[in-house]
Amino acid sequence: MTRAPATRIQRVQPPATLAAGEKARQLARQGHDVIDLGQSSPHHVTPQHIIDAGIQALNAGHTNISSSRGLPELRQAMSAKLAANNGRTVDPDGDILVTPGSKMGLYEAINAYIEAGDEVLVLEPTWVSFSQQVEMAEGVPIAVPLSEEEEYHISYEQLKEYVTSRTKMIVINNPNNPTGRVYTEEELAAVARLALEQDLLVICDETYEYFLYDSNRHVTIATLEGMAERTLTSYTFTKAYSMSGWRLGCIVAQSNLLGPLLKIQEQTASFVSPFVQMAGVAALQGAQDHLPRWREECDELRVRCADRLSQVPGVHCPLPEGATFLFPRYSADVSSTELAELLVEREGVVVTPGIGFGENGEGHFRIALMRSPADRVVEGVERIARVLEVL
């Protein structure tokens, strides 16, 4: 029997990053020499002390049903991290919801507050799932195209142009995936001004908060005046601790904002595996010496690889201020999807086409600097350059 899915599901497209990752795995299984620069998850193995904590928790019997809010130990550790690193004081008992990966937390945040016809401002280029998650809530994602010529700068005036009576929320990603922009306090203040004037909720994804370069500084928008009571902030253990397979994240907001998200989690995922959460405690409280090494590696790669790509006629590759990507623009007369296919076919390199990050991403492609070991990233960029030089 054939049964059509719900209309809202038919509109949703698979994330471009997952498609790229699946292509890489398929080719590798077939014996091809593939360099995966597609998905954002690090190639590094989870640090050993985190693995040990997870094993210890398993052996201690942390394998049964748990609180939908998350273990108190993890919420307390997260509260301490926010106070130390983000300038935030939150109640670990009510202001933190532990989720099975940050993507699930973002889905809950959007679906908890967006109804049919509600509009959500999404700054483009943007992470691949924001617009799709809005559509799954039967909302309407409104793309706010940021200009590459203006270094993807956020201004109050531009944001205001896209506000209507149906606008309910604005979504930002800081540092930005895929552009690598780190928004200044002045830019975040523009978002805050709009949110306060228009009574909007703000979702801020701070996945790449630890990956900053040069003199760039990360500011948590919820710390700005008037924003704590209207901001839901997403955090993940995937990038900083290489825990993508553990599926661990959290949403931080005032308890009254988290209540509707908790209802969704109680009726869907229920809770995060408690042994995974205990590994998260070790991640937050244990040694952090891997972080400067990983960040330094990314720093060196962004400079070296951006310089190589910018030597190619018709290619412009700005240095990212943060995150773990390059987002080059090219002038060849092929779509970003076609270019990604050419790179796989001719050189065995997997990248993510720019169109996956919204219409404003067309004419670009994304290179994930942590997806493969450094020498393979350099080799992959050299292969990319070879293709672009003959297009």
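Helices and strands here are DSSP runs, numbered from the N terminus: at least four residues of H or I for a helix, at least two of E for a strand. Good morning, everyone. With that term in hand, let's start with a loop. Tyr152 sits between strand β4, residues 140-145, and helix α7, residues 156-161. Its phi is near 55 degrees, a positive value in a residue that is not glycine. One caution before I go on: this is a predicted model.

Next, the record. UniProt lists residues 33-376 as "domain: Aminotransferase class I/classII large", in an unreviewed entry. In the model, that span is 37% helix and 16% strand. The C-alpha atoms at its two ends lie 11 Å apart.

Now a second loop, the one between β5 and α8, with α8 covering residues 185-198. Pro175 is in that loop, and so is Pro178. Which residue is joined to P175 by a cis peptide bond? That is Asn174, and omega is about -5 degrees. Pro178 has a cis bond too: Asn177 is its partner, with omega at about 25 degrees.

On to the spaces inside. How many cavities of 30 Å³ or more does the structure hold? Two.

I'll take the second largest cavity before the other, as we are already by β5. Its space is about 30 Å³. The lining is Leu123, Thr126, Val171, Ile172, Asn173, Asn176 and Tyr183. Strand β5, residues 167-173, gives the most to that lining, with three residues. By type, the lining has four nonpolar residues, three polar and no charged.

The largest cavity has about 100 Å³ of space. Two elements give two or more residues each to its lining: α4, residues 72-85, and β7, residues 231-236. Lining residues include Met78 and Lys81, then Glu206, Thr207, Glu209 and Tyr210. Tyr235, Thr236, Phe237, Ala240, Tyr241 and Leu284 are also in the lining. What are the counts of nonpolar, polar and charged residues in this lining? Seven are nonpolar, two are polar and three are charged.

Stay with α4 for a moment. Helix α4 packs with helix α10, residues 274-285. As a general point, two packed helices are described by the angle between their axes and the distance between the axes. For α4 and α10, the angle is about 25 degrees and the axes are 9 Å apart. Why is this pair called roughly parallel? Because angles under 35 degrees count as roughly parallel, α4 is roughly parallel to α10. The crossing of these two helices is left-handed.

Last, an open space: the second largest pocket. About 380 Å³ of space lies in it. It is lined by 20 residues. Which of them are closest to the centre of the pocket? They are Ser40, Ser41, Lys103, Trp127 and Lys239. Helices α2, residues 16-29, and α5, residues 102-113, are the elements that give two or more residues to this lining. Of the elements, α5 gives the most, with three residues. The lining divides into five nonpolar residues, eleven polar and four charged.

A quick recap. Two cis peptide bonds to show on screen: N174 to P175, and N177 to P178. One helix pair to rotate: α4 and α10, with a left-handed crossing. And two cavities of 30 Å³ or more to look into. Thank you.

Technical notes: Residues numbered from 1 in each chain as written. Predicted model: local features only at pLDDT ≥ 70, side-chain atom pairs only at ≥ 80, totals over all residues. Heavy atoms only, no water. 1 Å grid on protein atoms, 1.4 Å probe; cavity = no way out; pocket = protein on both sides within 12 Å on 5 of 7 lines; lining within 4 Å. Points joined across faces, edges and corners; volume = space filled by probe spheres on them. Nonpolar A, V, L, I, M, F, W, Y, C, P; charged D, E, K, R; others polar. UniProt positions renumbered as here; feature names shortened; annotations may be inferred. Axes fitted to C-alpha atoms, helices over the stretch in contact; angles between N-to-C directions. Parallel < 35°, antiparallel > 145°, perpendicular 65-115°, else oblique. Left-handed = near helix turned anticlockwise from the far one by under 90°.
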